[in-house]
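Here is a briefing for a reader meeting this structure for the first time. Please look over the sequence and the model before reading on.

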Amino acid sequence: MYSTGMSTFEFVLYVAFIMLCFGIKIYRERVKEQKSEIHQLKEENEKLKEAVRFYHEQGDNMG
């Protein structure tokens, strides 16, 4: 098609490849954020479990 430049098909493939690379990067960042959020929620859950246990132990000792 062009003697020195890319053909339309090559250009479309190039753009699609770049979009795929950015998509993968964004996906990995989101997965990383979700993993850290899950870890934080698990820690909070453990603290709440401890608080509930303590509350029930206090109630059993008073009753």
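The points below go from overall form to surface, then to charges and their pairing.

This is a predicted model. The protein has 1 helix and 0 strands. Buried residues make up 0% of its 63 residues.

**Overall form**

- Helix α1 covers residues 8–62.
- Along the principal axes, the C-alpha atoms fill a box of roughly 90 × 10 × 5 Å.
- The radius of gyration of the protein is 27 Å. A compact globule of 63 residues would have a value near 11 Å.

**Surface**

- About 6,500 Å² of the protein is exposed. Carbon and sulfur atoms supply 62% of that area.
- A nonpolar surface patch takes up about 800 Å². Its members are Met6, Phe11, Val12, Tyr14, Phe17, Ile18, Phe22 and Ile26.
- Phe11, one of the patch residues, sits in helix α1.
- Is Phe11 buried, partly exposed or exposed? Phe11 counts as partly exposed, because its relative accessibility is 46%. Partly exposed residues fall between the 20% limit for buried and the 50% limit for exposed.

**Charges**

- The protein carries 9 positive and 10 negative charges.
- The mean positions of these two sets are 7 Å apart.

**Salt bridges**

- How many salt bridges does a search of the whole structure find? The search finds 2.
- Side chains of opposite charge can pair when their charged atoms come close.
- Glu46 and Lys49 form one of the bridges, with an N to O distance of 3.7 Å. A salt bridge requires these atoms to be within 4 Å, so this pair qualifies.
- Glu46 and Lys49 are 3 residues apart in helix α1, so about one helical turn separates them.
- Glu46 has 45% relative accessibility and therefore counts as partly exposed. Lys49 is also partly exposed, with a relative accessible area of 40%.
- Arg53 and Glu50 form a salt bridge too. Their closest N and O atoms are 2.4 Å apart.
- Both Arg53 and Glu50 lie in helix α1. They are 3 residues apart, about one turn of the helix.
- Arg53 is partly exposed at 41% relative accessibility. Glu50 is partly exposed, with a relative accessible area of 46%.

Terms used. Residues are numbered from 1 along each chain as its sequence is written. This is a predicted model: local features need pLDDT of at least 70, side-chain atom pairs count only at pLDDT 80 or more; totals for chains, interfaces and linings use all residues. Side-chain values use heavy atoms; hydrogens and water are left out. Patches are made of residues with over 30% relative accessible area and no salt bridge: like charges are joined within 9 Å, nonpolar side chains (Val, Leu, Ile, Met, Phe, Trp, Tyr) within 5 Å. Accessible areas come from the Shrake-Rupley method with a 1.4 Å probe; for residues, only the protein chains shown count as cover. A salt bridge is a side-chain nitrogen of Lys or Arg within 4 Å of a carboxyl oxygen of Asp or Glu. Helices (H or I, at least four residues) and strands (E, at least two) are DSSP runs, numbered from the N terminus. Buried means under 20% relative accessible area, exposed over 50%, partly exposed in between (1.4 Å probe, protein chains only). The radius of gyration is taken over C-alpha atoms; the globule rule is 2.2 Å times the number of residues to the power 0.38. Lys and Arg count as positive and Asp and Glu as negative; His and the chain ends are not counted. The place of a charge is taken as NZ of Lys, CZ of Arg, CG of Asp or CD of Glu.
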